[in-house]
Amino acid sequence: LAYGEPPLLILRMITRQFRLLWQAKVYRQAGHTEEQIAKQIGLHRYFLRELLRNAERFETEELRTIFMQLRQLDITLKTRSIPPRHLLEKLVIDLCLLRRG
């Protein structure tokens, strides 16, 4: 935001990262190899190992909750006049609290 990036673009980047985490988790649980997972989600294997480590930190239900939050934030950013900075900061805080809980 400080560099002028549009709030919806920032939200899209955050959502993409969580989508990749979820996909990696699902494919790993289904027994796919790293090579298969990388091909399925369109990510270079170099980045996949870190993604898989991060995916292990989340339960499926946590990811589901995060996606509901991301969806709600998308709607709010498009329909309300609340400052986007406040909404994005709240999202980050909520995600941090989710991980602590």
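Start by selecting Glu35 and Lys39 in this predicted model: both are exposed, and they sit on the face of α2 that is turned away from its buried side.

Now go to that buried side. Select Glu34, Ile37, Ala38 and Ile41, the buried residues of α2, a helix that spans residues 34-41. Look along the helix axis: these four cover an arc of only 100 degrees, which puts them on the same side of α2. A reminder helps here: an α-helix has 3.6 residues a turn, so residues three or four places apart point the same way.

What covers the buried residues of α2? Show α1 and α3 (45-55), which are among the elements that do so.

Before moving on, step past the end of α2 to Gly42, which follows the helix and has a positive phi, near 70 degrees.

Next, display α1 (residues 7-29) together with α4 (residues 60-79). Their axes lie 11 Å apart and the helices pack at an angle of about 160 degrees. Because angles over 145 degrees count as roughly antiparallel, α1 is roughly antiparallel to α4. Their crossing is left-handed.

To see the contact itself, select these two sets as sticks:

- From α1: Pro7, Leu8, Leu11, Ile14, Thr15, Phe18, Arg19, Trp22, Lys25 and Gln29.
- From α4: Thr60, Leu63, Arg64, Ile66, Phe67, Leu70, Leu73, Asp74, Leu77 and Lys78.

Finally, colour this α1 and α4 selection by residue class: you should find 12 nonpolar, 3 polar and 5 charged residues in the contact.

Technical notes
Residues are numbered from 1 along each chain as its sequence is written. This is a predicted model: local features need pLDDT of at least 70, side-chain atom pairs count only at pLDDT 80 or more; totals for chains, interfaces and linings use all residues. Side-chain values use heavy atoms; hydrogens and water are left out. Axes are lines fitted to C-alpha atoms, for helices over the stretch in contact, and angles run from 0 to 180 degrees between N-to-C directions. Helices (H or I, at least four residues) and strands (E, at least two) are DSSP runs, numbered from the N terminus. Angles under 35 degrees count as roughly parallel, over 145 as roughly antiparallel, 65 to 115 as roughly perpendicular and the rest as oblique. A crossing is left-handed if the near helix is turned anticlockwise from the far one by less than a right angle, and right-handed if clockwise. Contact means heavy atoms within 4.5 Å. Ala, Val, Leu, Ile, Met, Phe, Trp, Tyr, Cys and Pro count as nonpolar, Asp, Glu, Lys and Arg as charged, and the others, Gly among them, as polar. Buried means under 20% relative accessible area, exposed over 50%, partly exposed in between (1.4 Å probe, protein chains only). The arc is that of the directions from the helix axis to the C-beta atoms.
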